[in-house]
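Student: Hi, have you got a minute to look at a model with me? I'd like to go through a pocket and some helix packing.

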Amino acid sequence: MTDSNQTDLLIALDHLEGRIKSTAVLEELREKHVGFFTRRSTAEVVEQETKAVLEVVEARFNAAEINERELIALIFRCGNLVHEKRWSENYYEPEIGPINQAIRKVQKAHGLKPGEEWGLGEGPDEYKDLLSQWDSVYDRTREDLTLELCTDRLRDIVKRFEYQIDDMKCEGEQSLFQWDEKRRLYVLLQNYEREAQQCESVGAYLAASILIAASIETRLIITCLEFKEICEKGRKSLNEERKFSGGKSIGRNPLSWFLDDLINVSAKCGWLPWVESNSSTFNSTVLAQVLKDVRNGVHPGKKMRKKENIALGLEQYKDIRAANEILKSGLPARPKQK
């Protein structure tokens, strides 16, 4: 073993030893009693218990149980909880009180009775300016309080992602608290496509291609789940064909299908049509099979058996990206959410 390899090994061992210790700390914290607060609890009690929760949250992150997006979502959930309690107890009255008084004065001057308000976007400009000030105070105090509750390390992480914070909070919330399969698949799709773009930007074309292939597989699953009746007809038609050919039939749940099954059912449903350009016609089913082979690029044995290129260059990646766009164009639009 070379000195360089020995150094890398020692770094890796040290890292995993640190992770084991972090996991032990997390388990110790979980065994502690975490206080329970109710609506009658004071802001001070809520703050103390929320700090205890944040201690567990940070331990979960240190133990690699949650990622940065999930961490940020949990940090801001904790901050919101304490902020709402403080707000309800008039903690920010010295700053927000004069704005509330000015708002009531404007309302009265325009003939509004107590309890009456203008609709969204209505009212005179001075009223709209005061509402903007009110919102500004609310948002600033909430963000300041959230950072105040954080340890130095958590505060540094939040500041590091300050320009992405809203997107990261949203994705973290969906990852942690969204259990609807279709919606989680949409989040997964966004992650695949975002990371494919990141890989493309640094010339990691093999990684980008595999992620693009994974994204089209995700799109096919989503489409099957969104259009169940059409999908079921396609599945039954495919199973009838396989019955006569001796092939294996597939079950009802698209999440359990192989990519080949997804492609074949999608073709039966008419979602992988022939696509014409000015001078050529492209078979979407064949393009889907190409992307399946690209996805299988994670398997070294398959690459060796097929004697495929070890790496992918920009021109090859352009072909994969174009195939993905053609496949996307044939899939039906997402139904409007009720």
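Student: Which helix gives the most to the lining of the largest pocket?

Tutor: Happy to help, and keep in mind that this is a predicted model. Helix α14 gives the most to that lining, with six residues.

Student: And which helices each supply at least two residues of the lining?

Tutor: Those are α12, residues 284-295, and α14, residues 314-330.

Student: How many residues line the largest pocket, and which lie nearest its centre?

Tutor: There are 17 lining residues, and Val290, Val294, Leu312, Gln316 and Ile320 lie nearest the centre.

Student: What volume does the largest pocket have?

Tutor: The volume of the largest pocket is about 350 Å³.

Student: How does its lining split by class?

Tutor: The lining of the largest pocket has ten nonpolar residues, three polar ones and four charged ones.

Student: OK, on to the packing. At what angle do α3 and α6 pack?

Tutor: Helix α3, residues 68-88, packs against helix α6, residues 152-160, at about 110 degrees, and their axes are 11 Å apart.

Student: Why are they called roughly perpendicular?

Tutor: Angles of 65 to 115 degrees count as roughly perpendicular, and α3 and α6 pack at about 110 degrees, so they are roughly perpendicular to each other.

Student: Is the crossing left-handed or right-handed?

Tutor: α3 passes α6 in a left-handed crossing.

Student: Which residues make the contact?

Tutor: From α3 they are Leu71, Ile75 and Phe76, and from α6 they are Leu154, Ile157 and Val158. By class, this contact has six nonpolar residues, no polar ones and no charged ones.

Definitions and conventions. Residues numbered from 1 in each chain as written. Predicted model: local features only at pLDDT ≥ 70, side-chain atom pairs only at ≥ 80, totals over all residues. Heavy atoms only, no water. 1 Å grid on protein atoms, 1.4 Å probe; cavity = no way out; pocket = protein on both sides within 12 Å on 5 of 7 lines; lining within 4 Å. Points joined across faces, edges and corners; volume = space filled by probe spheres on them. Helix = DSSP H or I, 4+ residues; strand = E, 2+ residues; numbered from the N terminus. Nonpolar A, V, L, I, M, F, W, Y, C, P; charged D, E, K, R; others polar. Axes fitted to C-alpha atoms, helices over the stretch in contact; angles between N-to-C directions. Parallel < 35°, antiparallel > 145°, perpendicular 65-115°, else oblique. Left-handed = near helix turned anticlockwise from the far one by under 90°. Contact = heavy atoms within 4.5 Å.
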